[in-house]
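Open the model in your viewer and keep the selection panel at hand. We will go through it stop by stop, with something to select at each one.

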Amino acid sequence: MAKAKREIPEINAGSMADIAFLLLIFFLVTTTMDKDKGIIRNMPQKLENNVQDVIVKQRNILNVMANNDDLLLVRNEYVEVEDIYDLAREFYEMNKGGVEKDGNFPMWNFYDLNTVKQRIAEFEAQLKESPENKFVEKELENWKDREEIILNVPDIRAKGGYYEISKFATISLSNQIQTSYGLYFQVQDQLQRAIDDMRNEISKELFDGQIFTEVDAKDDRAKTEEDLLLIKTVKQLVPQRIAEAKIKN
Amino acid sequence: MSKFRKGGKKGVPGVNTSALPDIVFMLLFFFMVATTMKEVDMLVEIEIPEGSSVTDITSLKQLNEVDFLYIGKPIDGGNRDMIQLDGELTVSVLSVARWKLEKVQSKERDIQYIVTSMKIDEGVKMGLVSGVKESLRDINALKICYAAKQRINN
């Protein structure tokens with residue numbers, strides 16, 4: 001005999017909206033809409049023992065100073081914050097491509113495969129003599145990166161090498177105690193924008209129009225081999241060396 | 001009386017609200033996706049600067065690899081710039097190091113990978129800011145972030 005059809009009573013969903021409202025209001029109250037953004041900086045490691053001062057030629061330093069009255073001094077001339085972008089680009093690009101236009105700006109050196117290999121051999125020999133030397137280790141790593149770039153980036157391989165700004169070229173920032181953070185931040189922002197723009201131009205040129213800042217912003221796990229090569233190359237060609245002096249009274 | 005009036009009681013038919021939960025859920029999901037959790041209630045007043053080349057650190061925040069500290073003038077009066085570490089206000093830069101070490105203990109990653117995002121009011125003086133930075137440097141928390149808003153027009 002056929003079973004009697006039994007009606008399943010409908011579930012009352014009338015309070016579903018109440019529950020959803022409750023959750024909605026919870027999220028409205030506890031969350032914020034604005035994204036967290038900022039300029040990321042890596043501070044240098046604290047040195048255990050006092051290291052000897054290294055004397056660097058004036059031409060290799062872009063000195064940016066902000067004083068207690070929020071006035072900016074770049075290479076001993078008063079400037080506005082907005083000028084820093086152009087000054088930073090000028091500092092990097094004056095002698096670009098090895099053409100010595102102005103002796104007051106950092107030199108660009110040409111690295112070809114032979115020089116690089118020679119240097120690697122030299123530093124490997126040095127490392128054997130003093131295995132714990134951090135400086136030699138770092139230099140060796142640096143030269144190996146250059147070798148990798150010459151071998152793997154098609155445009156650079158075709159030319160047999162590339163030009164790189166002097167490894168001493170540094171932007172030096174100094175502040176006084178009463179300098180406002182607002183000004184300090186704007187200086188950092190202008191420098192970052194100058195470096196980002198130069199890096200993007202280089203990566204567009206060498207890597208089929210890819211944009212460095214976009215590739216770099218990818219999640220670490222999503223980066224491919226090519227992405228890593230791009231990042232390494234661009235960072236080597238446009239290094240970001242910003243040194244901060246100890247604060248003055 | 002009127003020809004057209006029909007007999008019997010006639011109530012207004014109830015509005016069908018069965019789609020209401022759907023609408024509310026839709027809103028709920030929108031807010032869940034588009035917003036992030038507030039870190040902490042603010043005890044200091046902060047107007048962070050605007051920058052044109054800022055990086056998004058939201059993904060780091062979701063991985064719990066960012067700690068936030070705030071520097072500005074206290075909301076309930078006072079002219080002195082103060083540092084807010086979670087729920088606590090202080091003027092001593094040494095407590096920043098202590099706070100950071102405590103924060104890192106609960107995380108799996110090494111201290112040098114965890115970003116310290118500093119939300120600092122534009123008017124704060126660099127003396128205090130560099131004190132905080134030195135304090136972080138002492139404990140090897142080297143990755144910092146100067147929090148900023150994206151400038152709309154360059």
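Of the 249 residues of chain A, what percentage count as buried? The figure is 22%, where buried is defined as 20 or more other C-beta atoms within 10 Å of a residue's own, exposed as 12 or fewer, and partly exposed as in between, with C-beta atoms placed from the backbone.

A few words on conventions before moving on. This is a predicted model, in which local features need pLDDT of at least 70, side-chain atom pairs count only at pLDDT 80 or more, and totals for chains, interfaces and linings use all residues. Residues are numbered from 1 along each chain as its sequence is written, while chains are lettered from A and ligands numbered from 1 in the order in which they are written.

**Stop 1: select chain A.** Its C-alpha trace spans about 100 × 55 × 40 Å along the principal axes. The radius of gyration is 27 Å, against near 18 Å for a compact globule of 249 residues; this radius is taken over C-alpha atoms, and the globule rule is 2.2 Å times the number of residues to the power 0.38. Colour by secondary structure and you should find eight helices and nine strands, which are DSSP runs numbered from the N terminus (helices: H or I, at least four residues; strands: E, at least two).

**Stop 2: zoom in on helix H4 of chain A, residues 134-152.** Its 19 residues should span 27 Å at 1.5 Å a residue, and the end C-alpha atoms are indeed 27 Å apart; the expected span is 1.5 Å times one less than the number of residues. Now show the side chains of A:Trp143, A:Arg146, A:Ile149 and A:Ile150, which are buried. They lie on the same side of H4(A), because they cover an arc of only 110° around the axis, the arc being that of the directions from the helix axis to the C-beta atoms. An α-helix has 3.6 residues a turn, so residues three or four places apart point the same way. Turn to the other side of H4(A) for the exposed A:Lys134, A:Lys138, A:Glu141 and A:Leu151. The cover over the buried residues of H4(A) includes strands E6 (108-112) and E7 (161-165) and helices H3 (113-129), H5 (154-159) and H8 (225-237), all of chain A.

**Stop 3: select chain B.** Here you will see four helices and ten strands. The C-alpha trace of chain B spans about 95 × 40 × 35 Å along its principal axes, and its radius of gyration is 26 Å, where a compact globule of 154 residues would have one near 15 Å. Buried residues make up 27% of chain B.

**Stop 4: show both chains and look where they touch.** The contact takes 42 residues from chain A and 48 residues from chain B, with contact meaning C-beta atoms, placed from the backbone, within 7 Å. On the side of chain A that touches chain B, H1 (16-30), E1 (31-32), E2 (37-42) and H6 (181-206) each supply at least two residues. H6(A) gives the most, with ten residues.

**Stop 5: follow E2(A) across to chain B.** E2(A) pairs with strand E9 (residues 143-147) of chain B in the antiparallel sense, over five bridges; pairing requires at least two DSSP bridges. Select A:Gly38 and its bridge partner in E9(B), B:Ala147.

**Last stop: A:Ile40.** This residue sits in strand E2 of chain A and is partly exposed, with 16 other C-beta atoms within 10 Å. Leaving aside residues up to four places away in sequence, A:Ile40 touches B:Thr55, B:Val115, B:Lys143 and B:Cys145. Finish by picking A:Gln192, 152 residues away along the chain, whose C-alpha atom is 9.7 Å from that of A:Ile40.

Terms used:
Two residues are in contact if their C-beta atoms, placed from the backbone, lie within 7 Å.
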